[in-house]
Amino acid sequence: LFMFLPVAVVMLLAFNANEFGSFPMEGFSIRWFISLWNNEAIVRAFKTSVLLGSLTALTSTTFGVLASLALVRYDIRAKGLITAALIAPILVPEVVLAVALLLFLRWLEMPKSFPLLLLGHVIFTLPFVLLIVQARLVAVRRDYEEAALSLGANPFQTFREVTLPLIMPAVFAGIIFAFTISFDDITGTLFWKPGGVETVPTQIFAMLRNSISPEINALGAVMVVVTVAVPLLGASIARRMAAALR
């Protein structure tokens with residue numbers, strides 16, 4: 001109740017007809033959602049979050065699948081050290097990681113930019129994709145791949161036609177995780193984003209500096225719906241994909 005009741009209150013007040021968020025509600029209205037749609041700054045922040053989340057999911061999943069294949073299917077040196085290095089970002093507090101990356105790039109005399117923001121999100125989300133795909137790949141028997149190779153398929157064809165379909169539920173789950181984490185991130189984004197670029201969480205943070213507007217409740221409700229509905233939908237699709245492979 002302590003954790004989720006405030007979220008429920010925010011979603012309830014998003015439909016309050018009164019300009020001031022107070023109980024009891026004076027009426028039901030969607031005026032604040034209409035106001036959001038007409039707010040260019042919020043729409044621009046939402047587009048930025050979707051673009052950033054999509055690019056983060058695509059990049060993290062690509063590198064996560066490749067790293068998982070290398071660590072699970074091949075006998076490489078320092079495998080444990082490489083695995084620890086790739087998983088380390090989720091063990092380090094995000095604010096420490098954000099400051100460290102920012103200071104490192106300042107040392108390289110690189111300015112803040114959208115690619116820097118994307119790089120930070122990829123570093124933070126890659127471990128989640130890696131762990132999910134690795135867990136699935138370990139469960140896939142190598143007999144299927146060896147059978148394809150013995151029948152004349154090259155390694156790329158084997159991966160495309162055999163391995164990838166078998167691990168696709170984990171790959172899809174990794175995409176959903178990476179997108180959701182990127183879309184909802186604020187700590188690292190505050191350090192890495194260039195001037196004039198806002199995501200939905202940083203836009204909410206900026207709006208809270210001035211006053212508590214009813215638009216914030218509506219925007220918070222949209223954020224809750226996106227960050228809850230997307231993982232639930234993704235999990236449902238991943239389960240169906242896994243069941244189809246049995």
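The exercises below concern a predicted model of one protein chain, each with a worked solution.

**Exercise 1. Overall layout**

State how many helices and strands the protein chain has, and describe its extent and its contacts.

Solution.
- Step 1. The secondary structure consists of 11 helices and 0 strands. Reading along the sequence gives the pattern α-α-α-α-α-α-α-α-α-α-α.
- Step 2. The C-alpha trace spans about 70 × 50 × 35 Å along its principal axes.
- Step 3. The protein chain has 246 residues, and 38% of them count as buried.
- Step 4. Take the contacts with a separation of 6 or more: residues 24 or more positions apart account for 70% of these.

**Exercise 2. The nonpolar cores**

Find which residues of the largest nonpolar core touch the most other members, and which helix gives the most to this core.

Solution.
- Step 1. The largest nonpolar core holds 28 residues, and those touching the most other members are V65, I167, F183, V200, I204 and L219.
- Step 2. Helices α2 (31-37), α3, α6, α8, α10 and α11 each supply at least two residues of this core.
- Step 3. The helix that gives the most is α8, with 7 residues.
- Step 4. Another core, of 9 residues, lies apart from the largest one; its members include L101, L116, L118 and V122.
- Step 5. Take V200 as a case from the largest core. Beyond its neighbours within four places in sequence, V200 is in contact with A45, F46, S49, F183, L219 and M223. Of these partners, F183 and L219 also appear in the list from Step 1.
- Step 6. As background, nonpolar side chains in soluble globular proteins tend to be buried together.

**Exercise 3. The largest pocket**

Give the volume of the largest pocket and describe its lining by residue, helix and chemical class.

Solution.
- Step 1. The volume is about 340 Å³.
- Step 2. The lining has 16 residues, and V10, I204, I216, G220 and M223 lie nearest the centre of the pocket.
- Step 3. The elements giving two or more residues to this lining are α1 (5-13), α10 (200-210) and α11 (214-245). The largest share, 6 residues, comes from α11.
- Step 4. By class, the lining divides into 13 nonpolar, 2 polar and 1 charged.
- Step 5. Cross-check with Exercise 2: I204 is named both in the lining and among the core residues that touch the most other members.

**Exercise 4. The second largest pocket**

Repeat the analysis for the second largest pocket, listing its lining residues and their classes.

Solution.
- Step 1. The space in this pocket is about 290 Å³.
- Step 2. Its lining is made up of L66, L69, R73, Y74, R142, E145, E146, L149, P155, T158, F159 and T163.
- Step 3. At least two lining residues come from each of α3 (40-73), α7 (142-150) and α8 (155-184).
- Step 4. The classes are 6 nonpolar, 2 polar and 4 charged.

**Exercise 5. Q134 and A78**

Decide for Q134 and for A78 whether the residue is buried, partly exposed or exposed.

Solution.
- Step 1. Q134 is found in helix α6 (residues 114-139). Its relative accessible area is 15%, so Q134 is buried, the limit being under 20%.
- Step 2. Not counting residues up to four places away in sequence, Q134 touches S68, L71 and V72.
- Step 3. A78 is placed in the loop between α3 and α4 (79-87). The relative accessibility of A78 is 45%, so this residue counts as partly exposed.
- Step 4. The phi of A78 is near 55 degrees, a positive value in a residue other than glycine. Most residues other than glycine have a negative phi.

**Exercise 6. Two loop residues**

Locate R141 and I186, and compare separation in sequence with distance in space for one pair each.

Solution.
- Step 1. R141 lies in the loop between α6 and α7. R141 and L166 are 25 residues apart in sequence, with a C-alpha to C-alpha distance of 9.9 Å.
- Step 2. The side chain of R141 is joined to that of D143 by a polar contact of 2.5 Å.
- Step 3. I186 lies in the loop between α8 and α9 (187-192). With a relative accessible area of 28%, I186 is partly exposed.
- Step 4. I186 and P201 are 15 residues apart in sequence and 5.7 Å apart in space, C-alpha to C-alpha.
- Step 5. Leaving out residues up to four places away in sequence, I186 touches P201, T202 and F205.

Methods:
Residues are numbered from 1 along each chain as its sequence is written. This is a predicted model: local features need pLDDT of at least 70, side-chain atom pairs count only at pLDDT 80 or more; totals for chains, interfaces and linings use all residues. Side-chain values use heavy atoms; hydrogens and water are left out. On a 1 Å grid over the protein atoms alone, a cavity is a set of points where a 1.4 Å probe fits but cannot get out, and a pocket is an open set with protein on both sides within 12 Å along at least five of seven lines; lining residues have an atom within 4 Å of a point. Grid points are joined across faces, edges and corners, and a volume is the space filled by probe spheres set on the points. Helices (H or I, at least four residues) and strands (E, at least two) are DSSP runs, numbered from the N terminus. Ala, Val, Leu, Ile, Met, Phe, Trp, Tyr, Cys and Pro count as nonpolar, Asp, Glu, Lys and Arg as charged, and the others, Gly among them, as polar. Buried means under 20% relative accessible area, exposed over 50%, partly exposed in between (1.4 Å probe, protein chains only). Contact means heavy atoms within 4.5 Å. A polar contact is a pair of N or O atoms within 3.5 Å; within protein, one must be able to donate a hydrogen and the other to accept it, and residues adjacent in sequence count only if both atoms are side-chain atoms. A nonpolar core is a set of buried Ala, Val, Leu, Ile, Met, Phe, Trp, Tyr and Cys residues joined through side-chain atoms within 4.5 Å.
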